[in-house]
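Q: I am new to this structure and would like a close look at a single part of it. Please take me through that part slowly, in connected prose.

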Amino acid sequence: MAKCTICKQNETIWTWQPFGPDETPNLFVLSGNHYRGFVAIKVCDYCKDNYEAGNQVNFTYRGQPFSADKKKVQ
């Protein structure tokens, strides 16, 4: 199974879509059920819970580093 994009340790359970289709970066779906055509970041339960608790998370997508909280991705 794939490893989490954020912690790079735990197995992926969720797909996070911080760049859409929602207006906020808070869309999580079970792996395989994501919206096609939007960025899909694979995450574990721990990192999802950490993010939803209001903590900032860092990840890399296509070599570009990003930082996200419940309000925005930069």
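In what sense, and over how many bridges, do S1 and S2 pair?

A: In this predicted model, S1 and S2 pair in the antiparallel sense, and three bridges join them. One of the positions involved is tryptophan 16, whose bridge partner in S2 is phenylalanine 28. The pair belongs to an open sheet of three strands, in which the order is S2-S1-S3 and the pairing is antiparallel. Strand S2 (28–30) and S3 stand at the edges with a single partner strand each, so one side of each has no neighbour in the sheet. Between neighbouring strands of this sheet the turn is 35° on average, with direction ignored.

From the sheet one can move on to the largest nonpolar core, which has 15 residues and in which Ile6, Trp16, Val43 and Phe59 are those with the most contacts inside it. At least two residues of this core come from each of strand S1 (14–16), strand S3 (41–43), helix H1 (45–52), strand S4 (57–61) and strand S5 (64–68). Leaving aside neighbours within four places in sequence, phenylalanine 59 is in contact with a list of residues that includes Ile6, Trp16, Ile41, Phe66 and Val73.

Lysine 48, which has its place in helix H1, leads back to the strands: not counting residues up to four places away in sequence, lysine 48 touches Trp14, Phe28 and Val43. Lysine 48 counts as buried because its relative accessibility is 11%, which is under the 20% cut-off.

Key
Residues are numbered from 1 along each chain as its sequence is written. This is a predicted model: local features need pLDDT of at least 70, side-chain atom pairs count only at pLDDT 80 or more; totals for chains, interfaces and linings use all residues. Side-chain values use heavy atoms; hydrogens and water are left out. A nonpolar core is a set of buried Ala, Val, Leu, Ile, Met, Phe, Trp, Tyr and Cys residues joined through side-chain atoms within 4.5 Å. Buried means under 20% relative accessible area, exposed over 50%, partly exposed in between (1.4 Å probe, protein chains only). Helices (H or I, at least four residues) and strands (E, at least two) are DSSP runs, numbered from the N terminus. Contact means heavy atoms within 4.5 Å. Two strands pair if DSSP finds at least two bridges between them. Axes are lines fitted to C-alpha atoms, for helices over the stretch in contact, and angles run from 0 to 180 degrees between N-to-C directions.
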